Number of protein chains: 2
Amino acid sequence: MNTPVVRVGIIGAGNVGAALVGLLLDNSRVDALIDAAGSRIELVAVAVSDTTKSRPGIPTELLSYDARALAERSDIDLVVELAGGVEQTRPLLEAALRRGASVITANKALMAEAGTELAAVAHANGADLFYEGAVAGGIPIIRALRTSLAGERIDRVMGIVNGTTNFILSKMSSEGSDYDTVLAEAQALGLAEKDPTADVEGFDAAAKVSILSSLAFGTAMAGGAIAREGITKISALDVSFAARNGYIIKLLGITERIGHSGISQRVHPAMVPLGHPLASVHGALNAVFVEGATIGPLMWLGQGAGGAPTAAAVLGDVVAAARNRVSGQCDVPFSVDTLLHMIPSGELQSAFYITLDVIDRPGVLASVASIFGEHDVSIESMEQARLGDEAHLTFTTHLALESDITATLEDLAQLDVVDAIGSCIRLIGADA
Amino acid sequence: MNTPVVRVGIIGAGNVGAALVGLLLDNSRVDALIDAAGSRIELVAVAVSDTTKSRPGIPTELLSYDARALAERSDIDLVVELAGGVEQTRPLLEAALRRGASVITANKALMAEAGTELAAVAHANGADLFYEGAVAGGIPIIRALRTSLAGERIDRVMGIVNGTTNFILSKMSSEGSDYDTVLAEAQALGLAEKDPTADVEGFDAAAKVSILSSLAFGTAMAGGAIAREGITKISALDVSFAARNGYIIKLLGITERIGHSGISQRVHPAMVPLGHPLASVHGALNAVFVEGATIGPLMWLGQGAGGAPTAAAVLGDVVAAARNRVSGQCDVPFSVDTLLHMIPSGELQSAFYITLDVIDRPGVLASVASIFGEHDVSIESMEQARLGDEAHLTFTTHLALESDITATLEDLAQLDVVDAIGSCIRLIGADA
């Protein structure tokens, strides 16, 4: 019997691209890949932009310097995009999909921005659009949401989907160091960029939330339009409060169903109870925690970044797309539920941890407490630490509306006796 | 456009079956299921054996008392088997597959015993055989191994795949209680059977290892022929030693590649380092930890048993089988790698924790230590606790051949000064 051949072109040969080339050209894997894909996967071209760089491991005859031409080559069945970028990359993938090629990408920014539209182009042209590598690196969460959980009613997805911030927070927690010190360490180790904004301010996590939400709930991908707080204001005091009270601080990307047709998407640090599975996700690992109405809690944990794990996730997509190509199939199209509406953060309820620096004199606590009371925010616990003629106040609240917390903090900032609002971090319930 | 209809029959309406019926008849889910399955899934029959039992939630007109007839009904596209049993059930599923119906089962004993043969019957007849519910309840590990990880070279799979034993060991660990006390509690809570043998002696876990191994490596399913140790001899002393030394004791089901074509499959308790992701899997939760050559470590965690989570896993299979049915496809057939050979446990290396009760007199430690030395077993640490004129010795060893450990224990048992060999538990490396 002749084994069918599926021809693959790769755009981009950075860490992930080079690792994927290595996997596809590894002779010891050929038989296993044929079994898995029902076809021989043949790498026919690798498009790169820098013509001067040496490319060990990539045969010269495969190299091309024209990504557009690769996307349009009619003999390429699967176009794998690992170059990154949004504006310049989107038209390439559209061109590939329009001629009926399947597209595999690990480009979270592009998917978050234009994934809904690209999926429609794929569907209209009988092609697959796969993007396992775009969220949480090697963790196969995308296909699980599309297949195994397709019949499940999902209530909430909470992810530790940014390895850089999880590394920083884990290190702050284990060593008691402050944010700036650990950020500098992470930069020295190559785990954080020189300009760490995308990671530490939660932009990267927000793109991944957008993608996870589309799969869990059928929301249209929202690009950057997700409520977002980063970790730059987390202090060693916050971390130590968390430890003393049975919590650990994690940056969470969350998408959840609120009521019948409401959805909340957000990224923020949270105090996670130590007994929660997400609390034991340390270092640069990623994890995605899913709560289903029937299936209960499920968690996936693995390496969220890195050339090899991400290439392995992309290879899973290549195998699936090749299998579909041979059988003339596509996966179920992406569906958008247009009845869903976004719930603003202000309407959500949470318990909060809040710190204030105040002048230490009689009556201060009463004025502070009365402002909480005016906004219907009920205090669960209070700690006071004296520092000279200042006091550091730490509150935890019962469940409160976020808009009430915002109003409380605004009023507190107006009080003469309040020198500074410190931190305001949500507490995740032990049941959640 | 007419929505195609896929007709489902269920054999068995215990916890899982009744929960599945509820999901399939839930009107609020119909649209989502049609989207996911590309078809309307119609439940047409539920076969039960006990004619006297009331079946709330199952419409009388769907009830049948003839499982064989249901399996053979030519208008049923998908036969879902949730009745359990091996000898009486296997022919039913073969009959369904032979007429081209797809079969979905959560029957781990049957799959472990006859899964390889059933998969061959399915393939020969153009039908699917799915069994997500057979391993680790709601955790979608089977489909992940068949799809997302199909291109990955897996090195090892380690699972906490029995909730009863994990509940018992977690409770022994958190409360310091002994095995018999916690077993009685688990029985009172309905978490352990009156005769707990299948769980506590590792038979249940062994069946799951057999299934996981077939998916990870292509081994033929081995039925009960897997090296197996249970948890009945774990003492409160062992649990306390583990805690003092940064470990927690878990019952692990393991399948791993040894060298080029060797496979080891086994079930035994192990001391797991607290930093390992499996160490934080508490209570009745299940988890499967996979180490891939490229993708690195991955872990799935979730509810390993219970009617609703298992029914949710089965529903995922029903959706996938329905989708294939509509498109005239089957999933990639199960492949068996006949070049693999099983490595006997004696040839494996591990570090060990070993306890002995000895008579407390001068020279005893020297005789004991010399027996370790005679068998090339190098001692890493020793603790001695005096109890009257006895001493309780606790050793940990460096990596040693299991056959050397066995020989050591045999010789130690012959020593006059040794009253009893206590425990012998493998240590999992911090890197593993």
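Through which surface do the copies meet, and what share of the interface residues of chain B are also interface residues in chain A? In this predicted model, the figure is 100%, so the copies meet through the same surface.

The symmetry comes next. Chain B drops onto chain A after a rotation of 180 degrees with 0.0 Å of shift along the axis, and the RMSD of that superposition is 0.0 Å. That is the relation of a two-fold axis. As for who sits by the axis, B:W300 comes closest among the residues of chain B, with its C-alpha at 2.3 Å.

The contact itself draws on 46 residues from chain A and 46 residues from chain B. On the side of chain B that touches chain A, the elements giving two or more residues are α2 (30–37), α6 (141–146), β12 (296–303) and α12 (307–327). Of these, α12(B) puts in the largest share, with eleven residues. Sorted by chemistry, that side of chain B comes out as 24 nonpolar, 15 polar and seven charged residues.

Strand β12 also links the two chains by strand pairing. β12(A), residues 296–303, and β12(B) run antiparallel and are joined by five bridges. One pair to look for in the structure is A:G302, whose bridge partner in β12(B) is B:L298.

Following β12(B) back into its own chain leads to β11(B). These two strands make a hairpin with three residues between them, and they pair in the antiparallel sense over eight bridges. Within that pairing, B:F289 stands opposite B:M299 of β12(B). β11(B) has another partner too: β7(B), residues 154–160, pairs with β11(B) in the antiparallel sense over six bridges. There, B:G159 has B:V288 of β11(B) as its bridge partner. β11(B), residues 285–292, is mostly covered, with seven of its eight residues buried.

Now for the layout of a single chain. Chain A splits into domain 1 (5–137 + 307–327), domain 2 (151–303) and domain 3 (345–427). Between domain 1 and domain 3 of chain A, the C-alpha centres lie 51 Å apart.

Chain A also holds an open sheet of six strands, in the order β3-β2-β1-β4-β5-β6, with parallel pairing. Its edge strands are β3(A), residues 63–64, and β6(A), each of which pairs on one side only. At the β6(A) end, two bridges join β5(A) to β6(A) in parallel, and A:V103 has A:L129 of β6(A) as its bridge partner.

Helix α1(A), residues 15–24, packs into this part of the chain. Eight of its ten residues are buried, so α1(A) is largely enclosed by the rest of the structure. The buried set runs A:V16, A:G17, A:A18, A:A19, A:L20, A:V21, A:L23 and A:L24. What covers them includes the strands β1 (5–11), β2 (40–47) and β4 (78–81) of chain A, along with the helix α12(A), residues 307–327.

Helix α5(A), residues 108–124, is the bent one to look at: there is a kink of about 80 degrees, centred on A:A114. Just after α5(A), A:G126 takes a positive phi of about 65 degrees. The buried residues of α5(A) are A:K108, A:L110, A:M111, A:A112, A:E113, A:A114, A:G115, A:L118, A:A119 and A:A122. Their cover includes α4 (90–98), β5 (102–105), β6 (129–130) and α10 (203–217) of chain A.

One residue of α5(A), A:G115, shows how this packing works out in detail. A:G115 has 26 other C-beta atoms within 10 Å, against a cut-off of 20 or more for burial, which means A:G115 counts as buried. Leaving aside residues up to four places away in sequence, A:G115 touches A:I211, A:S214 and A:M221. By contrast, A:L189 is 74 residues from A:G115 in sequence and 32 Å from it in space, C-alpha to C-alpha.

Definitions and conventions. Residues are numbered from 1 along each chain as its sequence is written. Chains are lettered from A and ligands numbered from 1 in the order in which they are written. This is a predicted model: local features need pLDDT of at least 70, side-chain atom pairs count only at pLDDT 80 or more; totals for chains, interfaces and linings use all residues. Two residues are in contact if their C-beta atoms, placed from the backbone, lie within 7 Å. Helices (H or I, at least four residues) and strands (E, at least two) are DSSP runs, numbered from the N terminus. Ala, Val, Leu, Ile, Met, Phe, Trp, Tyr, Cys and Pro count as nonpolar, Asp, Glu, Lys and Arg as charged, and the others, Gly among them, as polar. Two strands pair if DSSP finds at least two bridges between them. Domain bounds come from an automatic or database domain assignment. A residue is buried if 20 or more other C-beta atoms lie within 10 Å of its own, exposed if 12 or fewer, and partly exposed in between; C-beta atoms are placed from the backbone. Copies are superposed by least squares on the C-alpha atoms of residues with pLDDT of at least 70 in both. The bend at a residue is the angle between axes fitted to the seven residues ending there and the seven starting there.
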